[in-house]
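User: Please take a close look at one part of this structure for me, namely the helix that runs from residue 134 to residue 158 and whatever its side chains and neighbouring spaces are involved in. I would like a connected account rather than a list.

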Amino acid sequence: MKGGQRMRKAALRRYMVYRMKLLELYHLHLLHKALAEGDAPNNEMGQNGRDFAETVRTAALSWFVTLVDKSRDGLNVFDLWRSLFPKDRAKVDAVWAAIEPQWKYLRDFRNKVGFHAAEPLNYYRAQAHIFEHPQEIEKAVEAFLTLADEFRKREEKELPDFVPEVEECLLDVECALSIRVDRPWFKRALILPRGNWRRSFS
């Protein structure tokens, strides 16, 4: 396999992981909205939907930061998008431009409030900027979700090798780990088409 083919293969497999994480972000985003506008689950704490929504918001925002993290160990969806949708580099750059002014604060929020619990002063300092600039944060998240949804809808036409690579990747995982991957989940996630999958390990 040539270098370009290896890079394409790796990018498509990384894109599969991104699509899995994107679905989780969609779920968290929709749960937050539903809880903020509706009732809470039955609970003995006497908390309402808005209380639950604040918890889900912390998780959703932290998930978002993980998707857009450009650090060495991050997913770095921007380079992935530029690789797989090269004619849309300007759109990708515009989304990063919407996020970049808030990036330091978003990363601090994820690290000190969302995924790790910092000592109180740093915890509240990281939380304060997010609460004080809700419109800027919302604008950044919406810009990302809008472009992510556009690319998702264009996958079938513009990434014809994505589904075959997903099927091969899942087969590799099954063979390497001697497990069975839940392919119906990938169909419900709209990563695999809603027909019969072509390859599986049994």
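Analyst: What follows looks at helix 7 in this predicted model, through its pockets, its charged contacts and its aromatic contacts.

A good starting point is the empty space. The largest pocket holds about 520 Å³ of space, and helix 7 (134-158) is among the elements that give two or more residues to its lining, the others being helix 1 (3-37), helix 2 (49-68) and helix 6 (120-132). The lining consists of 20 residues, and those that lie nearest the centre of the pocket are His29, His32, Arg57, Ile137 and Glu138. The largest share of this lining, seven residues, is supplied by helix 2. Sorted by class, the lining of the largest pocket contains twelve nonpolar, two polar and six charged residues.

In the second largest pocket, with about 250 Å³ of space, the largest share of the lining comes from helix 7, which gives four residues. Helix 8 (162-177) also supplies at least two residues there. This pocket is lined by 14 residues, and Glu155, Glu156, Val163, Leu190 and Ile191 are the closest to its centre. Its lining has nine nonpolar and five charged residues, with no polar ones.

Glu155 leads on to the charged contacts. Its side chain meets that of Arg19 in a salt bridge, with 2.6 Å from N to O. Because Arg19 belongs to helix 1 and Glu155 to helix 7, this pair ties together parts that are 136 residues apart in sequence. Both partners of the bridge, Arg19 and Glu155, are buried. Glu155 thus appears twice in this account, as one of the residues closest to the centre of the second largest pocket and as a partner in a buried salt bridge. Over the whole structure, a search finds 20 salt bridges. Elsewhere, a network of salt bridges links Lys9, Arg13, Glu165, Glu168 and Asp172.

The aromatic contacts of helix 7 can be followed from Phe144. The ring centres of Phe64 and Phe144 are 5.4 Å apart and the ring planes stand at 70°, so this pair is edge-to-face, an angle over 60 degrees being what that term requires. Phe64 is in helix 2 and Phe144 in helix 7, and the pair links these distant parts of the chain across 80 residues. Phe64 and Phe144 are both buried.

The pair also belongs to a wider arrangement, since ring pairs link Phe64 and Phe144 into a cluster with Tyr15, Tyr18, Phe78, Trp81, Phe85, Trp96, Trp103, Phe151 and Phe162. One member of that cluster, Trp96, has a charged neighbour as well: the charged end of Lys70 sits over the ring of Trp96, 4.3 Å from its centre. The structure as a whole holds 14 aromatic pairs.

Taken together, helix 7 contributes to the lining of the largest pocket and of the second largest pocket, is tied to helix 1 by the salt bridge between Arg19 and Glu155, and is linked to helix 2 by the ring pair of Phe64 and Phe144.

Definitions and conventions
Residues are numbered from 1 along each chain as its sequence is written. Side-chain values use heavy atoms; hydrogens and water are left out. On a 1 Å grid over the protein atoms alone, a cavity is a set of points where a 1.4 Å probe fits but cannot get out, and a pocket is an open set with protein on both sides within 12 Å along at least five of seven lines; lining residues have an atom within 4 Å of a point. Grid points are joined across faces, edges and corners, and a volume is the space filled by probe spheres set on the points. Ala, Val, Leu, Ile, Met, Phe, Trp, Tyr, Cys and Pro count as nonpolar, Asp, Glu, Lys and Arg as charged, and the others, Gly among them, as polar. A salt bridge is a side-chain nitrogen of Lys or Arg within 4 Å of a carboxyl oxygen of Asp or Glu. Buried means under 20% relative accessible area, exposed over 50%, partly exposed in between (1.4 Å probe, protein chains only). Rings of Phe, Tyr and Trp (its six-membered ring) pair if their centres lie within 6.5 Å; planes under 30 degrees apart count as stacked, over 60 as edge-to-face and the rest as tilted. A charge sits over a ring if NZ of Lys or CZ of Arg is within 6 Å of the ring centre and within 35 degrees of the ring normal.
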